[in-house]
Amino acid sequence: MTFAHVPVLKNEVLEYLTFDSGRSARLIDGTLGGGGHSAALLERYPLLELLGIDRDEHALAAARERLRPFAGRVRTVHGNYSDMAALARGSGWDEVDGVLLDIGVSSPQIDTPERGFSWRENGPLDMRMDQSASMTASRLLNRAPQAELEEIFRKYGEIRSAKRLAAAVVERRTVLPFAATADLVALCDDVLGRAGKGELPRPTLVFQALRIAVNGELDELEKGLSAACGLLRTGGRLAVISFHSLEDRIVKNFMRDSSRDCICPPGLPECRCGHRACLKPVTRHVVTAGGDELAQNRRSAPARLRVAEKC
Ligand SMILES: C[S@@+](CC[C@H](N)C(=O)[O-])C[C@H]1O[C@@H](n2cnc3c(N)ncnc32)[C@H](O)[C@@H]1O
């Protein structure tokens with residue numbers, strides 16, 4: 001089975017997500033995808049064991065194939081990474097040495113029109129990473145209240161005309177329900193017009209917003225970060241690659257707050273939160289792709305890596 005996904009920031013992940021090569025170690029890859037990052041780590045650390053999680057069965061099938069050379073050290077499981085604590089316990093693990101999250105969609109998800117993630121080719125308005133889930137993009141567009149759609153467009157797509165777009169969706173679906181990606185692209189063209197020079201094509205942010213909502217991506221991320229932090233043993237590392245500012249902000253704030261002994265609002269005479277630092281930053285600044293990687297893989301351009309260590 002071919003799974004054409006090039007892992008982004010692979011060298012940087014190998015640089016910062018390190019293990020003691022003299023002893024066995026446990027890694028959770030919460031977004032296994034095609035297993036590219038995991039294969040590189042398993043190859044580098046012969047005593048490393050992996051629990052690979054993905055909510056997409058196609059990705060899991062491809063990863064199992066790719067990770068076959070490491071079979072004795074690999075377990076894969078279908079599920080959400082926000083459930084990693086329970087999934088780890090199910091594998092007999094109550095502590096791990098590393099967690100990797102490379103969030104977002106894989107290239108095969110975007111490049112397969114039948115999955116409905118891309119506005120560039122026509123296909124069903126699906127956008128589910130987990131094809132056993134019940135909520136699809138067309139269902140959301142055809143059923144959600146106008147106010148909910150407006151919030152999705154504003155919050156997850158940062159679209160200025162969110163109100164107008166939500167009203168247009170509701171008006172159009174009473175005449176003809178949304179079924180195909182081309183239906184939504186046509187509406188974006190009508191309501192939002194063409195993008196100006198240097199701007200993103202209009203449907204890009206609309207599709208992003210819907211995808212985030214359909215898959216509950218930001219909620220997953222917040223829960224996943226806490227779960228990872230709870231599972232890491234002292235000295236274990238959490239590495240997160242995100243692809244847009246909404247995600248990166250969540251990761252940045254989580255790592256910042258988790259590195260502080262007090263997160264009370266400024267100005268209080270004494271600490272009331274009782275918060276204790278549980279992480280320390282490994283990467284002081286966000287890590288992005290270098291020139292060589294950018295030249296070879298344009299999809300690495302938005303990738304942002306942050307790494308922290310359990311303390
Ligand atoms: C960018 S790809 C990962 C690619 C992988 N690092 C590699 O090297 O091949 C992201 C993957 O994460 C999965 N994913 C996204 N959100 C998830 C979640 N909340 N739980 C489990 N898997 C998730 C997607 O289905 C997709 O396969």
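A residue counts as buried if 20 or more other C-beta atoms lie within 10 Å of its own, as exposed if 12 or fewer do, and as partly exposed in between. Keep that handy for the tour, and remember that you're looking at a predicted model.

**Stop 1: the two domains.** Start by colouring residues 10-107 together with 218-310, which make up domain 1 in the domain assignment. Give 134-214 another colour: that's domain 2. The centres of domain 1 and domain 2, taken over C-alpha atoms, are 31 Å apart.

**Stop 2: strand β1.** Now select residues 25-29. Is this strand enclosed or open? Five of the five residues of β1 are buried, so the rest of the structure largely encloses the strand. Show the side chains next. In a regular strand, side chains alternate between the two faces of the sheet. Here, Ala25, Leu27 and Asp29 point one way from β1, while Arg26 and Ile28 point the other way.

Add β2 (48-54) to your selection. β1 and β2 run parallel as a pair, joined over five bridges. To see one of the partnerships, click on aspartate 29 and look across to glycine 52 in β2.

**Stop 3: the ligand.** Which residues are closest to the ligand? Look for Pro7, Thr31, Gly33, Gly36 and Asp56, out of 22 that surround the ligand. Both α2 (36-44) and β2 (48-54) give two or more residues to this shell. Colour the shell by class and you'll get six nonpolar, 11 polar and five charged residues.

**Stop 4: the nonpolar cores.** In soluble globular proteins, nonpolar side chains tend to be buried together. The largest nonpolar core here has 52 residues, and Met84 and Val99 have the most contacts inside it. Apart from that one lies another core of 27 residues, including Met127, Ile152, Leu205 and Ala213. Zoom in on methionine 84: among the residues it touches are Ile28, Ile53, Ala227 and Leu231.

**Stop 5: two loop residues with positive phi.** Select methionine 127, in the loop between α5 (107-111) and α6 (137-143). Its phi is near 70 degrees, a positive value in a residue other than glycine. Methionine 127 is buried because 25 other C-beta atoms lie within 10 Å.

Finally, go to glutamate 158, in the loop between α7 (146-157) and α8 (162-175). Phi is positive for glutamate 158 too, near 50 degrees. Is glutamate 158 buried or partly exposed? It has 14 other C-beta atoms within 10 Å, so it's partly exposed.

How values were computed. Residues are numbered from 1 along each chain as its sequence is written. This is a predicted model: local features need pLDDT of at least 70, side-chain atom pairs count only at pLDDT 80 or more; totals for chains, interfaces and linings use all residues. Domain bounds come from an automatic or database domain assignment. A residue is near a molecule or strand if its C-beta atom, placed from the backbone, lies within 6 Å of it. Helices (H or I, at least four residues) and strands (E, at least two) are DSSP runs, numbered from the N terminus. Ala, Val, Leu, Ile, Met, Phe, Trp, Tyr, Cys and Pro count as nonpolar, Asp, Glu, Lys and Arg as charged, and the others, Gly among them, as polar. A nonpolar core is a set of buried Ala, Val, Leu, Ile, Met, Phe, Trp, Tyr and Cys residues joined through C-beta atoms within 7 Å. Two residues are in contact if their C-beta atoms, placed from the backbone, lie within 7 Å. Two strands pair if DSSP finds at least two bridges between them. Lists of a residue's contacts leave out its neighbours within four places in sequence.
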